[in-house]
Amino acid sequence: MRHNLFISTIISLLFNTAIAGLLTLISFEESFWINLVFSQCIGLSIYGINATLMCRIADRRRRWLVLALTFPGSIVFGITLASWITGVGDWSDPRAWVSVVIGLFFGGIGGITYFLSERIERLDAEVKQHQLIRSETEKRELEAQLKLLQAQIEPHFLFNTLANVGSLIETDPALAKKLLERLNDWLRVALARARSETATLGDELDMLENYLQILRVRFGERLRWQIDAEDAARKAPFPPMLLQPLVENAVRHGIEPKLGGGEVVIRAGTADGKLRIQVCDSGTGLGGEPGAGAGLSNVRARLAALYGSGGRFALEGNAGGGVTAVLEIPR
């Protein structure tokens, strides 16, 4: 507010000085000093009186009515003040009335400029407010979309695990109990992460370790895994539940159908400003329509929503068998 007042005052002083120079050039008054005093007194009176009143009156119709009286009144006040300072001219001098006309002309230009700039500032503020509202709306929509995509993963895993528990209750109650305990641990961590605003790849890998422990109950020694991640990669921010579908896909389509099972290796590192994660399995390899499942489609959708073209996901067949899923996101 003070900054705007200071800028407006400086502009008014410069505008008045320019008018004084113009009047001197056309020989309205030979002395630039006298033109300057009259110009400044009239201009500052118009600016000070009318701008102050306009700021205090909210009703637009009332503002214009008041302005119709105060605008010429402020010119008369400015001429009277300048005459008193310079000792030149009074209301008996015809040039005083010419000064009124000049004040009305240039004051009108200044007033129009002032109201236009005020209108532009108001429109600019409205545009910024609309942009802020739209940005907040888009952010909430994106968050809702991400929550929906994340919610599509968790029930899938829960249903499969509970189905396994149901099948084990009669045949191996002790193993069913162990599986339920692992599931309880996983749920505790997963819910804490879902409610957290910040998460790292290290958190995700810890949860994956618990997830694989659950699968170990079902697969036994047929499922082996390694997790190899750099410290910098573990500390990097990472969306919750983005990696689990890749591991789930490797186990379901690679390890499970392979006689004797196999191994899942998770590697994570940083390079060129990106976080790069590989999920490799020694399973049966690519087949059917690779990458067409709901879990991997969910990963692609979340990558696009979070990072746009900055995220990358790919499936590659390994030379010695199995598949490698590659995930890259900006750091």
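User: In this predicted model, is Phe 106 buried or exposed?
Analyst: Buried means under 20% relative accessible area. Phe 106 has a relative accessible area of 16%. That puts Phe 106 under the cut-off, so it is buried.

User: Is Phe 105 buried or exposed?
Analyst: Exposed means over 50% relative accessible area. Phe 105 has 52%. Phe 105 is therefore exposed.

User: How do the rings of Phe 105 and Phe 106 pair?
Analyst: The count of aromatic pairs comes to one. The ring centres of Phe 105 and Phe 106 lie 5.0 Å apart. Planes over 60 degrees apart count as edge-to-face. The planes here stand at 80 degrees, so the pair is edge-to-face.

User: Which helix gives the most to the largest nonpolar core?
Analyst: The largest nonpolar core has 45 residues. Leu 243 and Leu 327 have the most contacts inside it. One helix, spanning residues 201-219, gives 10 residues to this core. That helix is α6.

User: Which residues from 201 to 208 does Leu 243 touch?
Analyst: Residues up to four places away in sequence are not counted. Beyond them, Leu 243 touches Phe 238, Ile 266, Ile 277, Val 279 and Leu 327, among others. From 201 to 208, the residues touched are Leu 201, Glu 204, Leu 205 and Leu 208.

User: How many residues of α8 are buried?
Analyst: Helix α8 covers residues 244-255 and has 12 residues. Its buried residues include Pro 245, Leu 246, Val 247 and Ile 255. The helix is largely enclosed by the rest of the structure, because the buried count is nine of the 12.

Definitions and conventions. Residues are numbered from 1 along each chain as its sequence is written. This is a predicted model: local features need pLDDT of at least 70, side-chain atom pairs count only at pLDDT 80 or more; totals for chains, interfaces and linings use all residues. Side-chain values use heavy atoms; hydrogens and water are left out. A nonpolar core is a set of buried Ala, Val, Leu, Ile, Met, Phe, Trp, Tyr and Cys residues joined through side-chain atoms within 4.5 Å. Buried means under 20% relative accessible area, exposed over 50%, partly exposed in between (1.4 Å probe, protein chains only). Helices (H or I, at least four residues) and strands (E, at least two) are DSSP runs, numbered from the N terminus. Contact means heavy atoms within 4.5 Å. The expected span of a helix is 1.5 Å times one less than its number of residues. Rings of Phe, Tyr and Trp (its six-membered ring) pair if their centres lie within 6.5 Å; planes under 30 degrees apart count as stacked, over 60 as edge-to-face and the rest as tilted.
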